[in-house]
Amino acid sequence: GAPQYYLYRKLSEKSNKKVLKRRFNIQDEQKIITYTCTAKRFFPDEILFLKRFCEFVDSVGSLVIIIRLHPEATPSEYTQNFNLYKNVRFDLPDDGFRAKKAKGIGDIEKTKDFVCLMKNSDVVVNLASTTTLDAIAFDTPVICLKFNMYVLKKSWNAAEKWNQSEHF
């Protein structure tokens, strides 16, 4: 909900792009794309999409993609699939970023890192996610995906149904 945005604004006062670039070892001339993952059950072909996206990012050279894992993700599944790409970085959220968390916002340092990421990325890419709201709170452009890499015939998690979710 909205109450976290007051805290986000306060934390963002000490946040800048140099801090983010230093944290992720990003060169000054590189643009930052942040991709925020979703739960595997909603986008089962996300790994395939990300592989193609990372190939593109590496081919351009002046881009870096920070893949922010979903709180339910298994980090090793992603790192083993993407360790060959030179312009890929990972951001791991703590439990405070779970949609079903009952109270509080989690670790304040992880929240500062998240605010820095949302404020200083050049673009955030996701699908029907509340992270869209977090990015636009800092006037960061957002691209929301709405396609599958392979056909999911009328499945509940087909891209055509993503904008029907409560998150969207």
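A residue counts as exposed when its relative accessible area is over 50%, and as buried when that value is under 20%. The structure described here is a predicted model. By this cut-off, N25 is exposed, because its relative accessibility is 56%. N25 sits in the loop between α2 (17–23) and β1. Its backbone also stands out: N25 is not a glycine, yet its phi is positive, at about 55°.

A second residue shows a positive phi. D139 has a value of about 60°, and D139 is not a glycine either. This residue belongs to the loop between α6 and β5. D139 counts as exposed, because its relative accessibility is 71%.

The loop between α6 (131–136) and β5 also holds P141. The relative accessibility of P141 is 45%, so P141 counts as partly exposed. Leaving aside residues up to four places away in sequence, P141 touches D122, V123 and V124. P141 and V125 are 16 residues apart in sequence. In space, their C-alpha atoms are 8.6 Å apart.

The overall plan of the chain comes next. The chain contains 6 helices and 5 strands. Read from the N terminus, the elements follow the order α-α-β-α-β-α-β-α-β-α-β. The chain has 168 residues, and 44% of them count as buried. Among contacts with a separation of 6 or more, 59% join residues 24 or more positions apart.

The strands form an open sheet. The sheet has 5 strands in the order β3-β2-β1-β4-β5, and the pairing is parallel. β3 and β5 (142–144) are the edge strands, and each pairs on one side only. From one strand to the next, the twist averages 25°. Helix α5 packs on this sheet and touches β1, β2, β3 and β4 (123–126). The direction of α5 makes about 120° with that of β1.

Within the sheet, strand β2 can be followed in detail. β2 spans residues 63–68, and 6 of its 6 residues are buried. In a regular strand, side chains alternate between the two faces of the sheet. In β2, both faces are covered. L63, I65 and I67 are buried on one side. V64, I66 and R68 are buried on the other.

β2 pairs with strand β1 (residues 31–36) in the parallel sense, over 6 bridges. Two positions illustrate this pairing. I33 stands opposite I65 of β2. T36 has R68 of β2 as its bridge partner. The connection between the strands involves a helix: β1, helix α3 (residues 46–60) and β2 make a right-handed β-α-β unit.

β2 is also joined to strand β3 (residues 88–91). These two strands run parallel, with 4 bridges between them. Here R68 stands opposite D91 of β3. The chain passes from β2 through helix α4 (residues 75–82) to β3, and this β-α-β crossover is right-handed as well. R68 thus appears in both pairings: R68 is the bridge partner of T36, and R68 stands opposite D91.

The last feature is a contact between two helices. Helix α1 (residues 4–12) and helix α5 (residues 108–120) have axes that come within 9 Å. The axes cross at roughly 80°. Angles of 65 to 115 degrees count as roughly perpendicular, and α1 and α5 are therefore roughly perpendicular to each other. On the α1 side, the contact is made by L7, Y8, L11 and S12. On the α5 side, I108, T111, K112, F114, V115 and K119 take part. The contact residues divide into 6 nonpolar, 2 polar and 2 charged. Helix α5 thus meets α1 in this contact, and α5 also packs on the sheet.

Terms used:
Residues numbered from 1 in each chain as written. Predicted model: local features only at pLDDT ≥ 70, side-chain atom pairs only at ≥ 80, totals over all residues. Heavy atoms only, no water. Buried < 20%, exposed > 50% of the residue type's maximum accessible area, 1.4 Å probe, protein only. Pairing = 2+ DSSP bridges. Right-handed = clockwise from strand over helix to strand, strands pointing away. Axes fitted to C-alpha atoms, helices over the stretch in contact; angles between N-to-C directions. Parallel < 35°, antiparallel > 145°, perpendicular 65-115°, else oblique. Contact = heavy atoms within 4.5 Å. Nonpolar A, V, L, I, M, F, W, Y, C, P; charged D, E, K, R; others polar.
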